[in-house]
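Pull up the model and let's walk through how the two chains meet, then step back to one chain as a whole.

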Number of protein chains: 2
Amino acid sequence: MKWQLFFNPRSIAIVGASPKKGKAGNAILTSLLRDNFPGKIFTVNPNVKEVLGITCFPDLKSIGQVPDLAIVTTPPEHVIDLLHQCADTGVKAVVIITSGLKEIDEHGTHMEEAIARIAKTSGLEVIGPNCIGLMSPLNRMNASFAGRLPLPGKIGYFSQSGSVMSAVIDMARSMDIGFSRVVNIGNKAHLSELDMLKAFADDPETKVIAGYLETFDDGDNFIRQAERISPEKPILLLKAGVTAAGARAALSHTGRLTGSERAFDCVFERVGVIRCASINHQLDIARAFAYQPLPQGANVAIIANAGGAGIMATDAIERENLQLAVLSDATIDTLSTKLDNALNINNPIELQGNIFADDYELALRQVLDDPGVHHVLAMLTPHELTPCSDVVQAIIRVAKEKTGKPILACLLGGKRVEKEVKQLNQAGIPQFSFPENAITTIKAMVNYSFWRSRPKRVVKLFPVNRRKVEKIIERHLKDGIREVVDIEVKTILDAYGFVTPKGMMAASPEQAANIANQIGYPVVLKVWAPGIIHKTEVGGVKLGLTTEEAVKDAFDLMMYRIPQVKPHTKIAGILVEKMCDKGQEVILGMNRDPRFGPLMMFGMGGKLVEILKDVAFYPAPLTAEEAKEMLISTRTYNILAASKGEESIDIEVIAEGLQRVSQLVTEFPQIKELDINPFVVGREGTTPVAVDATIILDIC
Amino acid sequence: MKWQLFFNPRSIAIVGASPKKGKAGNAILTSLLRDNFPGKIFTVNPNVKEVLGITCFPDLKSIGQVPDLAIVTTPPEHVIDLLHQCADTGVKAVVIITSGLKEIDEHGTHMEEAIARIAKTSGLEVIGPNCIGLMSPLNRMNASFAGRLPLPGKIGYFSQSGSVMSAVIDMARSMDIGFSRVVNIGNKAHLSELDMLKAFADDPETKVIAGYLETFDDGDNFIRQAERISPEKPILLLKAGVTAAGARAALSHTGRLTGSERAFDCVFERVGVIRCASINHQLDIARAFAYQPLPQGANVAIIANAGGAGIMATDAIERENLQLAVLSDATIDTLSTKLDNALNINNPIELQGNIFADDYELALRQVLDDPGVHHVLAMLTPHELTPCSDVVQAIIRVAKEKTGKPILACLLGGKRVEKEVKQLNQAGIPQFSFPENAITTIKAMVNYSFWRSRPKRVVKLFPVNRRKVEKIIERHLKDGIREVVDIEVKTILDAYGFVTPKGMMAASPEQAANIANQIGYPVVLKVWAPGIIHKTEVGGVKLGLTTEEAVKDAFDLMMYRIPQVKPHTKIAGILVEKMCDKGQEVILGMNRDPRFGPLMMFGMGGKLVEILKDVAFYPAPLTAEEAKEMLISTRTYNILAASKGEESIDIEVIAEGLQRVSQLVTEFPQIKELDINPFVVGREGTTPVAVDATIILDIC
């Protein structure tokens, strides 16, 4: 995307400029003029002579030069024609403000498809339609009707919704937050969030990327780009439209448990994108990233002039799983010597209500110098006897000198601290009215900092027999069979290094008994017939057979009974399988998300998985660390880890199992869902067994 | 408490009034004068002639009349003496501002005990010490140094922390929220939160009670009062000081799982107290209760002029488990006829960005008239073309006419909507900058409304054998034994209607075999010896014995082996017990909270209870509905409810079991902890069995 043309154009043409107040073609021109756009402005409208003192051209060509950016504000019926005009004239960047297309009817959808086609064939780039424009405060460009230009700053913002963009700008203004660029991407007929992400990544004026999205057009690609960009610039997304995906028509446990929200959460986590819960959450965090250094750890020191405030902040620290910094002996010594009337010199440091600014400054300097402190929250609860303004000046002074650690401020108050709040904000010290919001922001900074310094991702590749799997899958796809079962699931799992229960097909009771004698008792018999998926329902499974006679009886009973229930089924044979040793049952699963690709799942196995919902998700391919992290984030892990002595469960093999599944589903995108359930794990040193599994292919 | 003397005094004496700025005795007088206290003000200080133009009396007696309220601001060393003076003069209400007592050292603690004693013996009532005073905006009384008097309003606020009180007042001012009374209760030497609760309950000017607390002095009593008052006036508490109670020295699973936070949550829930997460949460909700009617249900209608805003509100509704109201056909017909350019006429109703105020007003009236709507969230995202002021006037107009349902407003914006926000607030329509906060507030209102209309609590009393239990407990207490085990636990449970496994004590292998033959196989043998609590560890439990011979062998092996492990133990006998049928294992438990009394627990039984943490708590005594609610709130319930056909589990009997335990622990406050684990529940129609149980008594 040629983002300079959009965000720093030398000339702009308003196509459909209108003298009528209330029309988009008037509002945008008004904004450009009012906020003193320094470039050239052309207006195009064949029906009027001039708009707001600017002479109108009847069409783009008549301008006689090619504007960097064209903004189309005409009614929908002229849009396609005007886009062709743009292409013909050599315009490269177009914003279509016009609404009433895809969001109204099918005709509009077709028009947007046409817009995309024209853009692609002619090399045009198009933002919109159905948007309220874009802004570039750094260049004094306000080509929108979202209100006055915000303060210039380091945050690049894109929004799918025009109203949210308006609201964000207005809220940011009252928080003294500035932006590098703000853009409403609207219906995304051509350029989308993906292009904005890349543009803001390239834009040297943008330090923090934030966006509001309702839908993802190309999730997979977005995520790949986000992963590339996140280490350089934090990406803060507000994803709205949380829908109860409801009972989806998935066949596997994993499929039914992967809600769309969980997909977003785990994918965002993997690529370092910070998911924001609301606009204020997003603005709080964006500001902190824009003005403060990254923290080197999770230890927070609190300075307050009152007990209550410190307690509330400490509560929030505990809820967010951050750490209250343990101050060094040196720090405590100095503080106790010099601040003899402090109420508490252990973190949270509690100074007297009618504190002196000097004491506050001293305390702040001391904790910032303490190597065990990564973050400082400077709190102040002003009452009549508090020298509020002096304390705030002290905070600003110290922050200017000591720039290595993030300093956030929290003035608990409203009207009384308005002036000081503004001073803090303007000095780049993020200020919060409530300690909870400050701590939530610190949490986001710590998470991002940890994510950035995570070890390099290395996905282990196990030696496997890929060809074998390929053959099975190809045959299924050819025959239009979506569910892979039994012997063939076993073959696939074997090929990827899983141990499945020993077993063979038998054609007669004698053969079944022979197999049982060979593999050892107890065994299980399972009917093998194409078309019978749920074997138990037709009496096609018999567990725990311990003698030759029992095996023969079970065989004959199946051959006699099943045809009575399912008359037209051909029984291909009966599988004689070794019953597996007792162990802990877990589930290893995968569900392919339509936007983000394969999501791995781990949880407690058996029938209870969907009820207990104690499961973890993470996008494939998994590294060893990620597989381990998935385990640890479940309660099931605690149960496994609590096993001791003779019953101690081998946890490492589960992580390996997850990685093997991850490799399988990465190498075979045709696999849509997969459950290994139960995956039975025994004591350390024993081999886990994939007792049962389902693989669903994508055949549409 | 004679609250009129504190909140509406005709005369106030400032004891320790000081001409020095920065002194409490100066600041409070300044506040009283500045905010025009209409009553009489006396100043008392033997060392100065006058303060701020008011002549000082040398002592209280010299005033010549008894002030309604005395405010003591002297250094700590004079406090006791002055309190005696107050008592002698006939003063009934005293506020001690003085700090430096209990919060500093033991001497201070003793002084506070003395304060409480003097108060009790002389009939004085004392607020403080270590507080910043109190305010009564309705009476123009500002006896504090918390800042200017807030707006008069309907919210009564008490705070343990002076700084939080200051902050609350200041924040409320910027939100245009008013108060009836505001008081800082400080160290609570005499009057506490309990007295404030009762005072606000009696005070006709207070409609909503809110408070900030760090510690509870008399939790049990507070809760009893809260339960009485909640139906009349909503009580909103911000309880700070969330501590990880850590691994407590509890003996039962229930004890280890009952964190202090869970105790607060479930006790508050039972008595209708609304727990607030932060000051802004509290102020938001308090304002809504103060100015809006209670909702009759959970169905929320949203009106917006933009998609994004409505989506964010809908997300929040889903997260909070509220309902998006389904509009009636009549409403939809009217809206679609009259608002032909609306983008969506189904809830959330989405009007055009450049909406007309008339349309907004029409939509608002329509949804308020719809019987399926209980709540309306009127949203507006202003941009350049939005007639924001007109829309807000329309909202205010409609809200004045239609007062039956709560109307909350959300203007997404900052600076641009400042004027309109103020107009809404002043019209009593709570305004929120973010949809999430509005929805959280609606949730609190709905919860409270549901709580108020809950059926009358009827605790069923089962016929039990109380005398039997009394005897066992008395004997244990006499002997100083805190853990009741085996036979005696069984006797207690039997007496309260539980079925325990059949069994008898045997003194010889033959007797054991006879018992086994009588009660039927399989049986379990358990050693019975005082001092052996964990039987399994000494080989004192043998499960699944199916023959006479096996019983005899097991008996002799125990008699031979246990003395080798535990040489000085006298084996009293061996218990032969019928093994119970298979079923679902759950846990029924109780832990007595030091503040709030017995808390019942339900969860999945067995060893996993502490790891899975799928448990529910509720204070005893339980009604049938509450017992049922406890079950339903767990995932374990889903597992039980999912059981079908032959394996279908009887859920009703679990609720009954909980009620019986509730009765037991209510009738015997000596029981400190109790676990029935596992409580084995079988198919419908079968009787559940209390297989194992622990009862811990309070012997300190």
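Before counting anything, one term: two residues are in contact when they have heavy atoms within 4.5 Å of each other. Keep in mind, too, that this is a predicted model. With that cut-off, 63 residues of chain A are in contact with 63 residues of chain B.

How much area is buried between chain A and chain B? It comes to about 5,100 Å², and carbon and sulfur atoms give 65% of that. On the chain A side, Asp170(A), Phe434(A) and Ile611(A) are the ones to click on: they supply 11% of the area that chain A buries against chain B, more than any other three residues.

What about the polar side of things? Ten residue pairs are in polar contact between chain A and chain B, with both residues at pLDDT 80 or more. Salt bridges are another story, as the rule finds zero of them across this interface.

Now look at which parts of chain A do the touching. The elements that give two or more residues to the side facing chain B include the helices α2 (24-34), α5 (162-174), α10 (279-291) and α11 (307-319), along with the strand β13 (235-239). Sorted by class, that side of chain A has 29 nonpolar, 19 polar and 15 charged residues.

Finally, zoom out to chain A itself. Its 24 helices and 31 strands sit in a C-alpha trace spanning about 100 × 80 × 35 Å along the principal axes. Of its 700 residues, 59% count as buried. The accessible surface of chain A is about 28,000 Å², with 50% belonging to carbon and sulfur atoms.

Technical notes: Residues are numbered from 1 along each chain as its sequence is written. Chains are lettered from A and ligands numbered from 1 in the order in which they are written. This is a predicted model: local features need pLDDT of at least 70, side-chain atom pairs count only at pLDDT 80 or more; totals for chains, interfaces and linings use all residues. Side-chain values use heavy atoms; hydrogens and water are left out. Buried area is the accessible area (1.4 Å probe) that two parts lose on being put together, summed over both. A salt bridge is a side-chain nitrogen of Lys or Arg within 4 Å of a carboxyl oxygen of Asp or Glu. A polar contact is a pair of N or O atoms within 3.5 Å; within protein, one must be able to donate a hydrogen and the other to accept it, and residues adjacent in sequence count only if both atoms are side-chain atoms. Helices (H or I, at least four residues) and strands (E, at least two) are DSSP runs, numbered from the N terminus. Ala, Val, Leu, Ile, Met, Phe, Trp, Tyr, Cys and Pro count as nonpolar, Asp, Glu, Lys and Arg as charged, and the others, Gly among them, as polar. Buried means under 20% relative accessible area, exposed over 50%, partly exposed in between (1.4 Å probe, protein chains only). Accessible areas come from the Shrake-Rupley method with a 1.4 Å probe; for residues, only the protein chains shown count as cover.
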